[in-house]
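Reader: I have a new model open and want to learn how to read it. Where do we begin?

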Amino acid sequence: EGGALSVLTGSWQNRQVLTERVPPIAAVRLRPHQSPAVTAAPLFVTCGDISPRRGENLSLPGEAFRGKLISLYVEEEQIMAVTIKDVAAAAGVSPSTVSRTCKDSPSISRDTKERVRRIMAQLGYEPNFEAEPVEAFSKTIGIILPSSQRDVYENAFHLEIIRGIGQFCNQRRYVNTVITGQDDAEVLDAIQSMVANAQADGFILLYSKKDCPVAAYLRSEGLLHVIVGKAAQSANQTIYIDNDNALAGEEAADYLYEMGHRRIAYFGVSNAMLFSAERKRGYQMSLLKHGITPREEDCVEIDTLNDAYEETLKALLTAPDRPTAMLVSDDILAVVLEQFCGKLGLHVPKDLSIVSFNNSLFSRITSPQLTTVDVNPYQLGMEAASQTINHIENPNLLATKIIVPHRLIPRESCCPPPEV
């Protein structure tokens with residue numbers, strides 16, 4: 001107890017008992033327990049082929065130790081004890097995985113626990129929980145970005161979410177790591193590698209799309225994950241953080257209608273991304289509410305900025321009954337639209353009013369500045385991290401759904417149409 005191993009010795013034969021119970025790589029000093037009268041020169045026990053730096057091998061001084069309680073103490077300057085890092089290296093896992101195995105954490109797979117415990121036994125490692133400090137950054141959350149060759153990494157929306165996640169994780173002493181890839185297969189491979197090596201306690205998926213193989217894998221393996229966005233499948237069993245994108249789209253279209261616009265178009269990313277599909281649905285709901293029949297030819301949707309969208313957009317914006325306003329699914333596309341209008345000789349907002357989403361830096365540095373819907377990505381990140389950690393630490397919680405509020409920020413990209 002307390003770092004000392006006490007045994008009752010009665011004869012020289014007990015030397016075998018002592019050496020077997022000493023850590024495998026250490027030199028120890030043997031002296032009487034609570035017997036200051038017996039203060040012969042320090043005695044040492046050697047372990048394996050390791051010899052003490054000074055003194056002789058163990059020899060009992062006659063009757064001095066017979067029948068007395070003795071303790072084994074590690075000589076500090078000679079410690080070569082096995083550490084948690086030694087166990088981790090031998091088992092091929094992280095030190096935090098060893099620590100969680102010692103505490104029988106449910107986040108570690110049975111196979112990993114058995115492997116770590118086998119190595120601990122082989123090396124003679126004994127965890128000391130009283131001496132062990134509170135785990136510092138011992139748990140890890142994987143942040144999964146949408147697969148992309150480039151575009152996604154330039155989107156300030158994702159950076160703001162990651163900033164919120166990082167802020168909350170720092171407060172709770174969690175590590176976060178970003179998972180990226182050029183396609184879904186590459187992202188999935190990285191996730192599977194982390195899972196196989198017990199390198200993540202939970203995941204945050206920064207997007208939601210239809211038929212997503214990444215979400216399907218996390219769901220099928222029963223891995224803890226939180227989605228930023230509305231769950232595409234198994235919504236009742238999925239933890240997700242989202243805005244009411246349909247309501248946001250409806251309110252943005254209402255804003256343009258109340259300004260006098262009746263020909264309102266939509267420009268967004270593919271309907272496979274649920275946030276865009278929901279914003280488009282809200283836009284259509286607004287038109288129907290005001291007695292306007294939505295027209296599919298008024299909606300231009302692209303997968304990436306590399307798509308050939310210019311001809312479709314040009315045909316829409318140069319038609320005799322062209323729209324006087326356009327709702328755009330995010331600020332980056334709105335900047336693209338502003339520049340394209342310039343090529344066509346159209347002026348924003350005189351010829352075309354624009355409302356976009358995200359209130360990113362792009363919306364504030366364009367000229368004119370964009371009217372945009374702030375969806376609070378920083379709070380989305382904070383809430384996602386909070387729910388992930390809550391479910392790591394309380395595995396029996398039911399799947400939570402949180403809606404983060406939005407607000408429209410009027411700026412310079414909207415005005416009434418010319419005839420109003």
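Author: We begin with a cut-off. Buried means under 20% relative accessible area, exposed means over 50%, and partly exposed lies in between. Take Leu247, which has a relative accessible area of 32%, so Leu247 is partly exposed. Leu247 lies in helix H8, residues 245-258. Keep in mind that this is a predicted model.

Reader: Which residue is Leu247 paired with in space, at 7.6 Å from C-alpha to C-alpha?

Author: That is Arg279. Leu247 and Arg279 are 32 residues apart in sequence.

Reader: What is the average pLDDT of the protein?

Author: The general idea comes first. Where pLDDT is low, the predicted coordinates should not be read in detail. Here the average is 80, and 76% of the residues score at least 70.

Reader: Over which residues does pLDDT stay under 50?

Author: Residues 1-79. The model has 114 contacts beyond four places in sequence for that stretch.

Reader: Now the overall make-up. How many helices and strands are there in the protein?

Author: There are 13 helices and 16 strands. Of the 420 residues, 47% are buried. The accessible surface comes to about 20900 Å², and carbon and sulfur atoms hold 51% of that. Now take the contacts with a separation of 6 or more: 70% of them join residues 24 or more positions apart.

Reader: On to sheets. How do strands of a sheet pair?

Author: They pair through backbone hydrogen bonds, either parallel or antiparallel. One open sheet here has six strands, in the order E6-E5-E7-E8-E9-E15, and its pairing is parallel. E6 and strand E15 (401-403) are the edge strands, each pairing on one side only. With direction ignored, neighbouring strands of this sheet are turned by 20 degrees against each other on average.

Reader: Which strands does E5 pair with, and over how many bridges?

Author: E5 runs parallel to strand E6 (residues 174-179), with six bridges joining them. On that side, Ile144 has Ile179 as its bridge partner in E6. E5 also pairs with strand E7 (residues 202-205), again in the parallel sense, over four bridges. There, Ile143 stands opposite Ile204, and Ile141 has Gly202 as its bridge partner.

Reader: Are the faces of E5 covered or open?

Author: Both are covered. Lys139, Ile141 and Ile143 are buried on one side; Thr140, Gly142 and Ile144 are buried on the other. Strand E5 spans residues 139-144, and six of its six residues are buried.

Reader: And E7: which residues lie on each face?

Author: Gly202 and Ile204 are on one side, Phe203 and Leu205 on the other. These residues are all buried, and both faces of E7 are covered. E7 runs parallel to strand E8 (residues 225-228), joined by three bridges. In E8, Val226 stands opposite Ile204, and Ile227 stands opposite Leu205.

Reader: Which helix lies across E5, E6, E7 and E8?

Author: Helix H5, residues 156-171. H5 runs at about 155 degrees to E6.

Reader: What is the strand order of the sheet with mixed pairing?

Author: The order is E11-E10-E12-E13-E14-E16, in an open sheet of six strands. Its edge strands are E11 (299-302) and E16 (407-409), and each pairs on one side only. The twist averages 15 degrees from one strand to the next. Strand E14 (residues 371-374) pairs with E16 in the antiparallel sense, over three bridges. Within that pair, Thr372 has Ile409 in E16 as its bridge partner.

Reader: Which strands does H8 lie across?

Author: H8 lies across E10 (264-269), E12 (325-328), E13 (353-357), E14 and E16. Its direction is about 165 degrees to E13. Helix H9 (residues 274-289) also packs on the sheet, touching E10, E11, E12 and E13. H9 makes about 170 degrees with E10.

Reader: Last topic: cysteines. How many disulfides does the structure hold?

Author: A disulfide is a covalent bond between the sulfur atoms of two cysteines. This structure holds zero.

Reader: Why is there no bond between Cys414 and Cys415?

Author: The closest cysteine sulfur to that of Cys414 is in Cys415, 7.9 Å away, which is too far for a bond. The cut-off for a disulfide is within 2.5 Å.

Reader: Are Cys414 and Cys169 buried or exposed?

Author: Cys414 has 12% relative accessibility, so Cys414 counts as buried. Cys169 has a relative accessible area of 0% and is buried too.

Key. Residues are numbered from 1 along each chain as its sequence is written. This is a predicted model: local features need pLDDT of at least 70, side-chain atom pairs count only at pLDDT 80 or more; totals for chains, interfaces and linings use all residues. Side-chain values use heavy atoms; hydrogens and water are left out. Buried means under 20% relative accessible area, exposed over 50%, partly exposed in between (1.4 Å probe, protein chains only). Helices (H or I, at least four residues) and strands (E, at least two) are DSSP runs, numbered from the N terminus. Two strands pair if DSSP finds at least two bridges between them. Contact means heavy atoms within 4.5 Å. Accessible areas come from the Shrake-Rupley method with a 1.4 Å probe; for residues, only the protein chains shown count as cover. pLDDT is the predictor's confidence in each residue, from 0 to 100. Axes are lines fitted to C-alpha atoms, for helices over the stretch in contact, and angles run from 0 to 180 degrees between N-to-C directions.
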